[in-house]
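Dear colleague,

Here is the structure I said I would pass on. My notes on what was found in it follow below.

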Amino acid sequence: MHIKCSHPSKHQSKLVVKRCFYALDLEKAISDITDTCRVCSSLQKLPQPVAEQSTQPPPQSIGISFAADVLKRCKQLIFLLRETASSYTVCCLIDDERSTTLRNALARLCPEMRPITGPPVVVSVDPEPGFVKILLCFNSELL
Ligand SMILES: [Zn+2]
């Protein structure tokens, strides 16, 4: 009857069935049929995602936007610098996550990724204490 009536809602199914039949636990049976129907399941609204997703437009050119992060693998600290448009990535091993170490690693890897006389760049970092210290004492000598 659910398929013959072109997949009615639970309320509509209940009205149609009650016109001709009487059964115990009719609402539960209708609810089970509607919930297990693939067509009805595919037409249900999806729940809203918990976290809002956001994105930024891609950069206008290559070599002006980077992302830096520190990874821990096999008890080693790896400083990673990735160009956001091309995903070209360079990395180096670092001894600790102090701001001076991170600053030196960034200063060592940036010239490999962009020309020294090139335009200023934007480096996105996580709010780790070492990176925050770099941002607080950031000056033009770094890049
Ligand atoms: Zn259905």
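**The sheet**

Strands S1 and S2 run antiparallel and are joined by 8 bridges. The model is a predicted one, which applies to everything below.

S1 covers residues 65-73, S2 covers 76-83 and S3 covers 89-94. In the pairing of S1 with S2, Arg-73 has Gln-76 of S2 as its bridge partner. These two strands make a hairpin with 2 residues between them, and Cys-74 there has a positive phi near 50°.

S2 also pairs with S3, again in the antiparallel sense, over 6 bridges. Here Leu-81 is matched with Val-90 in S3 as its bridge partner. S2 and S3 form a hairpin too, with 5 residues between them, and Ser-87 in that turn takes a positive phi of about 65°. S2 itself is mostly covered, with 6 of its 8 residues buried.

**The core**

The largest nonpolar core has 17 residues, and those touching the most other members are Val-70, Phe-79, Leu-81 and Ile-94. Two or more residues come from each of S1, S2, S3 and helix H4, which spans 99-113. H4 gives the largest share, 6 residues.

Ile-94 shows how these parts meet. Setting aside neighbours within four places in sequence, Ile-94 is in contact with Val-70, Leu-77, Phe-79, Thr-101, Leu-102 and Ala-105. Of the residues it contacts, Val-70 and Phe-79 are also among the four core residues named above.

**The zinc site**

Which residues hold the zinc ion as protein donors? They are His-2 through NE2, His-7 through ND1, and Cys-37 and Cys-40 through SG, at 2.0 to 2.2 Å from the ion. The site is tetrahedral, with angles of 98 to 126° among the 4 donor atoms. Along the sequence the donors follow the spacing H-x4-H-x29-C-x2-C.

Are the two cysteines buried or exposed? Cys-37 has a relative accessible area of 11%, so it is buried. Cys-40 is at 13% relative accessibility and therefore also counts as buried. The cut-off in both cases is under 20%.

**The domains**

The chain is divided into domain 1, residues 10-43, and domain 2, residues 65-136. Their C-alpha centres lie 59 Å apart.

When you open the model, the zinc donors and the contacts of Ile-94 can be followed residue by residue.

Regards

Note on methods. Residues numbered from 1 in each chain as written. Predicted model: local features only at pLDDT ≥ 70, side-chain atom pairs only at ≥ 80, totals over all residues. Heavy atoms only, no water. Donors = N, O, S within 2.8 Å, 3.2 Å for Na, K, Ca; no water. Tetrahedral: all angles 85-135°; square planar, octahedral: opposite > 155°, others 65-115°. Buried < 20%, exposed > 50% of the residue type's maximum accessible area, 1.4 Å probe, protein only. Core = buried A, V, L, I, M, F, W, Y, C linked by side-chain atoms within 4.5 Å. Helix = DSSP H or I, 4+ residues; strand = E, 2+ residues; numbered from the N terminus. Contact = heavy atoms within 4.5 Å. Domains from an automatic or database assignment. Pairing = 2+ DSSP bridges.
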